[in-house]
Amino acid sequence: MPPPLDRRAFLLTTTGAAAALALPGARVFGAEPAPSPSPRQDLLLDKGWRFHEGDIPFPEILTQDGSYDNAKAGKASGAAAAGYDDSEWPTVTLPHDFVSFQPIEPNANRAQGYRRRGLAWYRNTLRFAPEDEGKHIELEIGAAATFATVWFNGTIVARNFSGYNAIRIDLTPFARYGENANSLAIRVDAQAMEGWWYEGGGLYRDVRILKRQAVHIATDGVYANPVKGERGWTVPVEVTVASIAAADRPVTVMTELRDPAGVVVAAQSVGLAVPALDSAVARLTLDVAAPRLWSIAAPALYTVRTRLMDGEACLDEVATPCGFRTIRFDAARGLLLNDAPVKVQGVCLHQDHAGVGVAIPDAIWAFRIRRLKELGCNAIRCSHNAPSPVLLDLCDRYGLLVMDENRQFNPTPEYMAQLEWMVQRDRNHPSVFLWSVFNEEPMQGSAAGREMVRRMVHAVKALDRTRPVTAAMNSGYFEPANVSQAVDVVGFNYNHQSYDAFHAAHPDLPMISSEDTSAFMTRGDYASDPGRHVLDSYDDQIGIDTHRAAWRAIAERDFVAGGFVWTGFDYHGEPSPSGWPTNSSQFGIMDLCGFDKAAFYIHQAQWVKDRPVLWLVPHWNWAGREGQPIKVMAMSNLDEVEVRLNGMSQGRQRVDPFEMNSWSVAYAPGTLEAVGYRAGAVAARTRVQTTGEAAALKVTSDRVRARGDGRDAVAFRIEAADAQGRPHPLAKPLARFAVEGGEIIGLGNGDPNCLDPEKGDRRALYNGLAQVIVRPREGFSGDLVLTASAEGLRPGRGVVRVVAAAPPPRQAAGPSFMLLDWWYQAPATPRYEDALAKRHDNLLQWPDFGGRGLLDPLPADGYCLCSAQFTPHARMQAQGGVVDFFRVVGACEVFDGDDLIARKSEPAEGPLTAALPPKPGPRRLNVVFHVVAGQPFGFRKDVTVKLRPGDQR
């Protein structure tokens, strides 16, 4: 298996001279002094977020001044304002799905898993160093479910209308540096829905700050997808260079290709003139004689390393993984990967998991991918939206093909931009083999639908001409005008009865089953109980088709490129076929936790070719059914299977590779065994046994090591066992969990009818199993221990070794603050006492000025009072705060009302800090300046109020 994923390793900095490779007309990377490391900083912004569940209505605007301010940049009101009081909001760590914390209620939306969604606010405070000034600073919100509005320093900077695309914002024009804080506010509207499944809510993917030089490589600005032509392999490289510089800049774009061992195998460079406040594209070609190919079995990854140079100085650097493979769909033979036929053995995936909703940690994505590889799956359809980039990175490395699917079927500019974003972000991934522009649209069998798709396909091809485009249709194939006439590969959702007719009518059109099966199973149950919404696991509970029949229709037709089972895992929401209290689907090959259902064994027997597969169901605990017939199924890829009960043969059958094999066995306690034969010899054995009562809990982890970087996560399996240590298939004890070295972030048990919270420290097992997801504590090293206990059972203990690991580079964030951005200047007086006496006057009668700026020099020495009114944040009122005058010009005294709290005796420019004592209600700051004739005075930089350092969260 590949090593644990480290996405940060994809962004490289120079550590030494590269291996030399001379190319005509190109600079030789290894023959020159190593350039200085790339100044690009990719910083995680996961900490410091204050969260408010529910909306905060904006205040009604009634005054003239309020109306004026409302029309101005930087003057947002309410919770979007820079100085809004969020001091008592709870803090959360991203990724965060606030819907996953909601109770399951019968009056909430069924499709969304009976969890209420609603609106929420997130706020943070960012600080940029003085040396960041002049750099390009970009905010990337990985995804926000569902609609989002973003304000930065009180200015609205983005509105987004999808919960699946990234939001990228150039913060540079609005940013403050040094001592000055920056306010970031995000309003998330999760009442809006884009799907008919659980979509979660909030900032559920990573948020990052990207700092680059004024001239830099644009985000997703390197396109390097290898192609095979008549003369062999090349990597055409397009590099988009952007600039916020004040003048045009000449630069050199340098690329090198490194093989999986890190050896440079090709390199080239080219000059480029980049216009100010614009972008330019450099095009280069890297020739490769005999590359290692990327395939499902051996996913060899190369790296295109791109540097942007100004002389000897490196302005920016990006490393882009890529893979050498050919993709071709043949109308008669299906998919050809590297010119060899490959049957797509795929699953559809939604992006949620037990306990964490859509806020899936990277390590849980990796857990899910490992489970799919074990299944024998070789492809994923991202249903029905652009996936997490983590999933694509993992598929590149593990060797899984990806059908990358667009969410909104709409060719208008807003939605076309979402499609283009997905293609531009994902087009370098070798795992992506097919773009999908929609899923099951009512207009698919019409001329209007065809024309919409034509435009969307055109947009895709403008960005990537190396991959075909499909659309997942579920009807309309035979209409005179329909979507199949506008795509490269026709996607069939179900409708396997139409495969032959469509192929006969259109023998030149490639086909793939973009979605199939939709069969129901409740994990671990083998007797249906409609009253409890329990569905047996014999693959007889049909939504549209069985797992066995759907695959047979695909496998027996070479012209059908393969299929995607609906679904790989159960998912929250869409609780077909039952409603309340069922709150998750039952379509999955695995349950919400990733525990096997019988469908797992069926597909493993169908899909795995390189090792013996033999499974036996059901369990063998049928007390009270002695002597009664029990249906027994064996799933195998061998030649023959024999079933034995307590050593006595129940019959030997030729394996049916599609329908599997069944026996009717009279129940007797003991051991039920299956023996698999290949070429007459025993090749595999498996058994199930009648167990005693549950006596203990076992705790095992999905892996033995984890990282103490505060970002890792471990999936623990909790299993009930009898006194002999055998798994108990029916036990449902309530278990309690305790953790040393980490925290529980999610719980699950795979029961689609369970109404218990997925957060906390307790969970009932369902049919012998539960799952606990634990995040090791940041900075921790040693044994991460999860203890599970239940009444009457021996406790279980699972241990994972946590190795010390540096936390990821993070953007500096801090507590909320208040910006005193409106001051009033009293008339100057020659006497100090007279200026001081004006502290009680109505300041609204005086001229006002903004939060920073020097006041006009006065003609004579004297004293001038400047005042500001404000209401401190609630925690400041209770605990006190600090007033920071970052740059004050002139000697002065600062009063909190009548009380002196700070003095600056020197007239030269400098900082001043004043302690603000705790006190309820509004406050007035009075600053008395000692004015020198002809000399400026005032605030050169911001004046802010914040909590005392010891009180900050």
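Two strands are taken to pair if DSSP finds at least two bridges between them. By that criterion, in this predicted model, strand β20 (residues 334-337) and β21 pair in the antiparallel sense over 2 bridges, and leucine 337 stands opposite alanine 340 in β21. These strands belong to an open sheet of 3 strands, ordered β19-β20-β21 with antiparallel pairing. Its edge strands, each of which pairs on one side only, are β19 (327-330) and β21 (340-341).

**Strand β55 and its partners**

Strand β55 (residues 891-896) has 6 of its 6 residues buried, so it is largely enclosed by the rest of the structure. In a regular strand the side chains alternate between the two faces of the sheet. On β55 both faces are covered, since Ala891, Glu893 and Phe895 on one side and Cys892, Val894 and Asp896 on the other are all buried. The strand pairs in the antiparallel sense with β58 (residues 923-931) over 6 bridges, and likewise in the antiparallel sense with β56 (residues 899-904) over 5 bridges. Phenylalanine 895 takes part in both pairings: its bridge partner in β58 is asparagine 926, while in β56 it stands opposite leucine 900. The connection between β55 and β56 is a hairpin with 2 residues between the strands, and glycine 897 in the turn has a positive phi of about 65 degrees.

**Aromatic pairs and charges over rings**

A search of the whole structure finds 34 aromatic pairs. In one of them, the rings of phenylalanine 58 and tryptophan 121 have centres 5.9 Å apart and planes at 65 degrees, and the pair is edge-to-face because planes over 60 degrees apart are classed in that way. This pair links distant parts of the chain, 63 residues apart, with phenylalanine 58 in the loop between β2 (49-53) and α1 and tryptophan 121 in strand β4 (residues 119-127). Phenylalanine 58 is partly exposed, with a relative accessible area of 38%, whereas tryptophan 121 counts as buried at 0% relative accessibility.

Phenylalanine 929 and phenylalanine 937 form a tilted pair, 5.4 Å centre to centre with 50 degrees between the planes. Phenylalanine 929 is buried, with a relative accessible area of 0%, and phenylalanine 937 also counts as buried, at 1% relative accessibility. Ring pairs link these two residues with Trp823, Phe849, Phe885 and Phe939 into a cluster.

In addition to ring pairs, there are charged side chains placed over aromatic rings, including the two set out below.

| Charged residue | Ring beneath | Distance to ring centre |
|---|---|---|
| Arginine 427 | Tyrosine 223 | 4.0 Å |
| Lysine 759 | Phenylalanine 101 | 4.4 Å |

**The second largest pocket**

About 1,200 Å³ of space lies in the second largest pocket. Its lining comprises 34 residues, of which Asp69, Lys75, Ala76, Asp821 and Trp822 lie nearest the pocket centre. At least two lining residues are supplied by each of α1 (64-70), β49 (817-819), β50 (822-825) and β53 (862-870), and α1 gives the most, with 4 residues. By class, the lining of this pocket has 14 nonpolar, 11 polar and 9 charged residues.

Methods
Residues numbered from 1 in each chain as written. Predicted model: local features only at pLDDT ≥ 70, side-chain atom pairs only at ≥ 80, totals over all residues. Heavy atoms only, no water. 1 Å grid on protein atoms, 1.4 Å probe; cavity = no way out; pocket = protein on both sides within 12 Å on 5 of 7 lines; lining within 4 Å. Points joined across faces, edges and corners; volume = space filled by probe spheres on them. Nonpolar A, V, L, I, M, F, W, Y, C, P; charged D, E, K, R; others polar. Phe/Tyr/Trp six-rings, centres within 6.5 Å; stacked < 30°, edge-to-face > 60°. Buried < 20%, exposed > 50% of the residue type's maximum accessible area, 1.4 Å probe, protein only. Lys NZ or Arg CZ within 6 Å of the ring centre and 35° of its normal.
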